[in-house]
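Reader: I've got a structure to look through and a handful of things I'd like to ask. Mind walking me through it?

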Amino acid sequence: MKFGNKKDVILLITVACLALLLALPALFAGAGRSALVYVDGKEVLRVALQDGMAEQTIPLGTSPALSVHIAEGKISFCDAACPDQICVKSGALFRAGQTAACLPAKAVLVIQGKGSAPFDAITY
């Protein structure tokens with residue numbers, strides 16, 4: 001079976017190289033991430049997120065009571081005493097630019113790092 005002529009092989013190699021160049025930033029986007037927790041607009045916790053981190057739960061001392069759970073380079077709200085639990089249901093954050101908030105506790109969780117954009121979408 002004949003694969004193709006020389007131009008086809010050059011085109012295939014070029015497309016593969018371009019795809020690899022476009023994928024490289026996504027592969028290294030997790031490096032240098034940190035989670036910031038704000039309560040009443042003041043930073044109360046800053047944690048560097050890394051894969052393989054020890055699992056820990058940190059109470060924030062808010063009213064209603066709220067804790068954050070950190071494991072495997074991800075952070076999430078847990079053990080919230082608020083009635084609707086929307087912040088807990090938001091799940092674990094791990095990408096730069098992701099945010100979650102617990103309005104009753106006046107707490108905001110933000111992931112910062114390389115690759116974080118000032119916006120997440122543009123609409124026209």
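Reader: Sure, charges first: how many salt bridges does the structure hold?

Author: Keep in mind that this is a predicted model. Side chains of opposite charge can pair when their charged atoms come close. Going through the whole structure, the count of salt bridges is 1.

Reader: Which residue forms a salt bridge with Arg-46?

Author: The pair's closest N and O atoms are 3.0 Å apart, and the cut-off is 4 Å, so the contact qualifies. The partner of Arg-46 is Glu-43.

Reader: Is Glu-43 buried, partly exposed or exposed?

Author: Its relative accessibility comes out at 37%. Buried would need a value under 20% and exposed one over 50%. Because 37% falls in between, Glu-43 counts as partly exposed.

Reader: Back to Arg-46: which residue stands opposite Arg-46 in the strand pairing?

Author: Arg-46 belongs to S2, and S2 runs antiparallel to strand S1 (residues 34–39), with 6 bridges joining the two. Opposite Arg-46 stands Leu-36.

Reader: What is the strand order in the open sheet of 4 strands?

Author: Strands of a sheet pair through backbone hydrogen bonds, either parallel or antiparallel. In this open sheet the pairing is antiparallel, and the order is S2-S1-S7-S6.

Reader: And which are the edge strands?

Author: Look for strands that pair on one side only. That description fits strand S2 (42–48) and strand S6 (99–102). As for the twist from one strand to the next, the average is 15°.

Reader: S6 has a cysteine in it, Cys-102. Is Cys-102 buried or exposed?

Author: Cys-102 sits in strand S6. Beyond four places in sequence, Cys-102 touches Leu-66, Phe-77, Cys-82, Cys-87 and Ala-107. Its relative accessibility is 3%, so Cys-102 counts as buried.

Reader: How far apart are the C-alpha atoms of Cys-102 and Ile-86?

Author: Along the chain, these two are 16 residues apart. In space, their C-alpha atoms are separated by 7.4 Å.

Reader: With Cys-87 among the contacts of Cys-102, how many disulfides turn up in the whole structure?

Author: The closest cysteine sulfur to that of Cys-102 is in Cys-87, 3.5 Å away, and that's too far for a bond because the cut-off is 2.5 Å. For Cys-78 the closest sulfur is also in Cys-87, but at 9.4 Å, so that one is too far as well. The search of the whole structure gives 0.

Reader: Where does Cys-78 pair: what's the residue whose bridge partner in S5 is Cys-78?

Author: Cys-78 lies in strand S5 (residues 74–78), which pairs with S4 in the antiparallel sense over 5 bridges. Cys-78 is buried too, because its relative accessibility is 13%. The residue that has Cys-78 as its bridge partner is Ser-67.

Reader: Is Ser-67 buried or exposed?

Author: Ser-67 is found in strand S4 (residues 67–71), and 4 of the 5 residues of S4 are buried. Setting aside neighbours within four places, Ser-67 has contacts including Thr-57, Ile-58, Phe-77 and Cys-78. With a relative accessible area of 10%, Ser-67 is buried.

Reader: S4 also pairs with strand S3. Which residue of S4 stands opposite Gln-56?

Author: Strand S3 (residues 56–59) is joined to S4 by 4 bridges, running antiparallel. Gln-56 faces Ile-70.

Reader: Last one: which residue takes a positive phi in the hairpin of S4 and S5?

Author: That hairpin has 2 residues between the strands. The positive phi is near 50°, and the residue is Glu-72.

Conventions: Residues numbered from 1 in each chain as written. Predicted model: local features only at pLDDT ≥ 70, side-chain atom pairs only at ≥ 80, totals over all residues. Heavy atoms only, no water. Pairing = 2+ DSSP bridges. Axes fitted to C-alpha atoms, helices over the stretch in contact; angles between N-to-C directions. Buried < 20%, exposed > 50% of the residue type's maximum accessible area, 1.4 Å probe, protein only. Contact = heavy atoms within 4.5 Å. Salt bridge = Lys/Arg side-chain N within 4 Å of Asp/Glu carboxyl O.
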